[in-house]
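Here is a short, friendly tour for anyone who likes to look at geometry before setting up a calculation. Please have the viewer open as you read.

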Amino acid sequence: MASMAAISRGLLKRRGIVRSPAAVAGLGARSMASWFGHVEPAAKDPILGVTEAFLADPSPDKVNVGVGAYRDDNGKPVVLECVREAERRIAGHLNMEYLPMGGSINMIAESLKLAYGEDSEFIKDKKIAAVQALSGTGACRLFADFQKRFLPDSQIYIPIPTWSNHHNIWRDACVPQRTFRYYHPETRGLDFASLMDDIKNAPNGSFFLLHACAHNPTGVDPSEEQWREISHQFKVKNHFPFFDMAYQGFASGDPEKDAKAIRIFLEDGHLIGCAQSYAKNMGLYGQRVGCLSILCEDELQAVAVKSQLQQIARPMYSNPPVHGALIVSTILGDPELKSLWLREVKGMADRIIGMRKALRDNLEKLGSPLSWEHVTNQIGMFCYSGMTPEQVDRLTNEFHIYMTRNGRISMAGVTTGNVGYLANAIHEVTKSA
Amino acid sequence: MAHDKAGKTMEGDNMRAELASPIFRLNTLARHLGVSCSLSPPSPMESQFPNQAIYPSPTAGFSGGSVFANVVQAPEDPILGVTVAYNKDPSRMKVNLGVGAYRTEEGKPLVLNVVRRAEQMLVNNPSRVKEYLPITGLADFNKLSAKLIFGADSPAIQENRVVTVQCLSGTGSLRVGGEFLAKHYHERTIYIPQPTWGNHTKVFMLAGLSVKTYRYYDPTTRGLNFKGLLEDLSMAPSGAIVLLHACAHNPTGVDPTVGQWEQMRLLIRSKGLLPFFDSAYQGFASGSLDADAQSVRMFAADGGECLTAQSYAKNMGLYGERVGALSIVCKYADVAVRVESQLKLVIRPMYSNPPIHGASIVATILKDKEMYYEWTVELKAMANRIINMRQQLFDALRARGTPGDWTHIIKQIGMFTFTGLNKEQVAFMTQEYHVYLTSDGRISMAGLNSKTVPHLADAIHAAVTRIK
């Protein structure tokens with residue numbers, strides 16, 4: 001990181017301090033160096049950079065198990081039927097006026113029902129402050145900025161490991177980060193004892209980022225019993241639970257089941273925050289649709305909090321995009337379309353569960369000396385394989401298989417067509433481990 | 001890693017923990033942002049801070065207390081609040097001249113025909129998917145947007161010196177540009193015209209810049225205070241960022257002439273100031289896309305660097321789709337490459353990648369000759385209707401013998417007219433005539449039609465004669 005002084009020195013050196021009057025009087029500014037000449041090339045995003053590299057690879061055998069975007073069994077991206085139908089209904093019928101700063105009222109209402117329950121008393125009593133956000137990223141960022149503005153001395157506890165962009169989000173919001181232990185490399189499961197220790201040892205009233213289901217990148221979720229214990233300990237410590245729910249419906253195939261952790265916390269009386277995304281479960285990736293909600297003590301407070309969330313959105317993008325929100329509210333607001341969506345999301349989840357089984361079976365059949373139980377124990381889009389960065393590099397260089405270097409496999413990229421090839425390659429690089 | 005917002009370094013974390021008092025923090029922030037931020041009331045900056053939580057309670061106690069219990073309600077956004085108030089008004093004869101969203105002669109929002117066509121094409125294309133766009137957005141859209149604003153034959157584009165990233169309309173482009181500058185540029189002060197769009201100050205402040213102003217509008221002439229503008233920019237420190245409205249200045253509608261733009265360009269380049277253009281009305285002001293881009297092109301053509309925020313909200317009627325682009329013209333192609341990589345680091349933690357729908361519509365239109373032509377025709381029609389409304393309002397006031405010089409109505413350009421009415425007169429018009437406009441006297445001409453012009457003229461006449 002360059003200090004301000006160093007930057008200034010660098011600039012002066014490059015430009016030369018004295019500019020001749022002739023140069024100044026000229027029409028152009030050609031005598032000047034670039035103001036941005038000192039800008040360093042940024043490191044590629046570890047996740048999105050994988051797809052870039054994949055696209056650049058000419059090999060016919062290449063496999064992309066990097067980004068968490070769903071693929072069908074032919075390896076093709078999917079637009080859900082319910083989405084196509086919703087788009088047909090939307091096109092040509094409505095105008096494109098600005099949404100309110102807080103976004104689509106209908107989309108928000110439907111989102112709250114999904115997260116908090118159809119008959120949630122909190123919805124009835126209007127205790128939830130909620131705004132439309134730019135998918136999960138945008139929801140987390142709004143919350144982080146809001147947390148910074150209203151609780152400037154708070155920090156955020158983030159699990160190890162987590163989605164890499166979580167760190168970027170809270171860093172850019174200038175909220176100091178701490179971590180809590182989560183993943184147990186030896187078992188490739190949950191390090192529950194350490195997790196509970198870290199919860200207990202954090203100062204009272206700490207903010208925690210929790211993955212509601214289908215933890216990214218590990219696929220390791222607490223059991224229901226474990227969630228209850230976590231919730232209890234949160235009560236004792238008065239911690240603030242912030243849920244990032246990016247995979248509701250996608251994990252087990254059942255949105256209600258996938259919201260279980262949140263419902264447990266709500267039953268226990270926590271005032272939660274929640275980021276929701278429709279990127280995966282409705283396949284709306286590029287539309288950037290999500291919702292940020294904060295459960296408040298009463299309606300008055302919810303109104304105040306919502307108004308302040310809007311104040312953060314306004315200088316960022318004024319108001320959120322309308323198209324994706326319309327798709328969501330059209331689908332969830334129509335019983336037939338919603339029913340279709342539920343079937344389609346289950347279909348996606350089932351295919352992934354099937355691929356987990358296939359990958360594990362293949363590896364076991366190959367006689368791998370390692371245990372691959374975790375492939376079927378873990379849940380959601382990702383499998384934390386346990387492979388090292390060096391092994392991942394070998395997969396890429398020798399087998400043209402692309403994944404993030406933390407060994408995270410996007411199961412959505414696995415098909416009946418490539419699972420054998422994938423298992424073989426993994427076996428090759430791990431058999432002497 | 002770069003400095004955090006408001007110029008504090010990461011080492012400041014520990015210090016901040018000690019100096020935890022909220023009052024201290026507010027004062028520190030206010031001091032950093034400088035005392036010379038003078039905006040006409042209601043000042044967004046001034047009104048922002050009193051509404052922050054004053055006494056945070058980190059351990060609210062688990063009796064169900066919320067950690068956000070002390071959050072107070074934010075004031076209505078002054079611009080969007082006008083529409084909220086208008087909607088609440090039960091009166092049959094009411095006119096909304098608040099938000100700058102185009103309305104037809106029938107007072108209805110308009111979706112351009114060519115936009116509907118583009119949308120249908122997208123819907124009917126079964127191979128279309130909705131995958132994530134790259135962080136920088138849709139590549140076609142970016143290239144076409146750069147050509148639109150800088151000109152297809154722009155040397156800067158041909159020399160690969162322009163980096164363009166898709167952002168969320170004008171607001172998003174300004175914010176991403178501002179954050180990039182706060183992280184990577186050596187000067188943290190941006191000069192904005194007085195007055196300017198109400199959201200500019202907050203956008204740049206939250207991006208991490210300090211905001212100062214330069215004189216722009218002259219209330220006595222209802223025109224440009226060119227002398228004041230030149231003086232103020234001359235006093236700016238070398239390297240300071242200058243926000244320029246490319247055309248159709250919001251809220252005044254007062255634009256420099258071509259000759260004045262050239263003088264400004266010479267001054268800005270000689271002082272080493274960095275221009276940041278906000279282009280929200282290209283094609284909407286005069287009806288000509290090229291004419292409305294002239295100011296930007298002058299700067300892009302002189303070999304120097306600049307930033308440009310583009311919006312398709314008004315000129316393509318894509319308001320709610322949030323389509324825009326940020327371009328940075330760099331001196332060298334290799335600099336542009338590095339700048340693009342750093343822009344990604346600003347965008348990723350904000351929203352990862354931009355929304356696909358609106359950009360797809362724009363790209364579809366811009367790349368098709370026939371659709372592009374149809375767009376220019378529809379755009380010209382919108383601009384002409386507004387010019388027509390200006391003339392009608394001017395004529396109506398003259399017919400009533402309304403005291404004062406109202407020629408500024410036809411001299412100003414774009415969607416807005418700065419009437420010159422004061423707060424009291426505005427309040428009077430709202431109360432007695434149910435005419436809704438922002439308290440700075442700005443009216444959105446797009447909200448007028450032949451039926452409502454007489455009513456507005458009556459209201460202005462009454463306000464001017466009864467309230468001083």
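The report below goes from a sheet and its neighbouring helix to the aromatic rings and the charges that sit over them.

Please keep in mind that this is a predicted model.

**The sheet in chain B**

Let us begin with an open sheet of 7 strands in chain B, ordered β2-β10-β9-β8-β7-β3-β4, in which the pairing is mixed. The edges belong to β2 (162-167) and β4 (210-215) of chain B; each has a single partner strand, so one side of each lacks a neighbour in the sheet. From one strand to the next, the twist averages 25°.

At the β4 edge, β3 (residues 189-194) of chain B runs parallel to β4(B), and 6 bridges join the two. For a concrete spot to click on, take Gln194(B), whose bridge partner in β4(B) is Arg215(B). Helix α10 (residues 226-235) of chain B packs on this sheet, where it touches β4 and β7 (241-245) of chain B. The direction of α10(B) makes about 145° with that of β4(B).

For wider context, an unreviewed UniProt entry annotates residues 93-460 of chain B as "domain: Aminotransferase class I/classII large". Over residues 93-460 of chain B, helix accounts for 47% and strand for 15%, while the end C-alpha atoms are 15 Å apart.

**Aromatic rings**

Searching the whole structure gives 40 aromatic pairs over all chains. Two of them are set side by side here.

| Pair | Centre to centre | Angle between planes | Geometry |
|---|---|---|---|
| Tyr70(A) and Phe250(A) | 6.0 Å | 75° | edge-to-face |
| Phe428(B) and Tyr433(B) | 6.2 Å | 55° | tilted |

What does the pair in chain A tie together? Tyr70(A) lies in the loop between β1 (63-64) and α4 (81-90) of chain A, and Phe250(A) in the loop between β8 (240-245) and α11 (255-258) of chain A, so the pair joins parts that are 180 residues apart in sequence. Tyr70(A) is buried, with a relative accessible area of 6%, and Phe250(A) is buried too, at 1%. In chain B, both Phe428(B) and Tyr433(B) are buried.

Ring pairs also build a cluster that links Phe143(A), Phe146(A), Phe150(A), Trp170(A), Phe207(A), Phe240(A), Phe242(A) and, from chain B, Phe68(B).

**Charges over rings**

Two contacts in chain A may interest you if you work with cation and ring geometries. The charged end of Lys62(A) sits over the ring of Phe54(A), 4.5 Å from its centre. Over the ring of Phe382(A) sits the charged end of Arg408(A), at 3.7 Å from the ring centre.

Terms used. Residues numbered from 1 in each chain as written. Chains lettered and ligands numbered in written order. Predicted model: local features only at pLDDT ≥ 70, side-chain atom pairs only at ≥ 80, totals over all residues. Heavy atoms only, no water. Pairing = 2+ DSSP bridges. Helix = DSSP H or I, 4+ residues; strand = E, 2+ residues; numbered from the N terminus. Axes fitted to C-alpha atoms, helices over the stretch in contact; angles between N-to-C directions. Contact = heavy atoms within 4.5 Å. UniProt positions renumbered as here; feature names shortened; annotations may be inferred. Phe/Tyr/Trp six-rings, centres within 6.5 Å; stacked < 30°, edge-to-face > 60°. Buried < 20%, exposed > 50% of the residue type's maximum accessible area, 1.4 Å probe, protein only. Lys NZ or Arg CZ within 6 Å of the ring centre and 35° of its normal.
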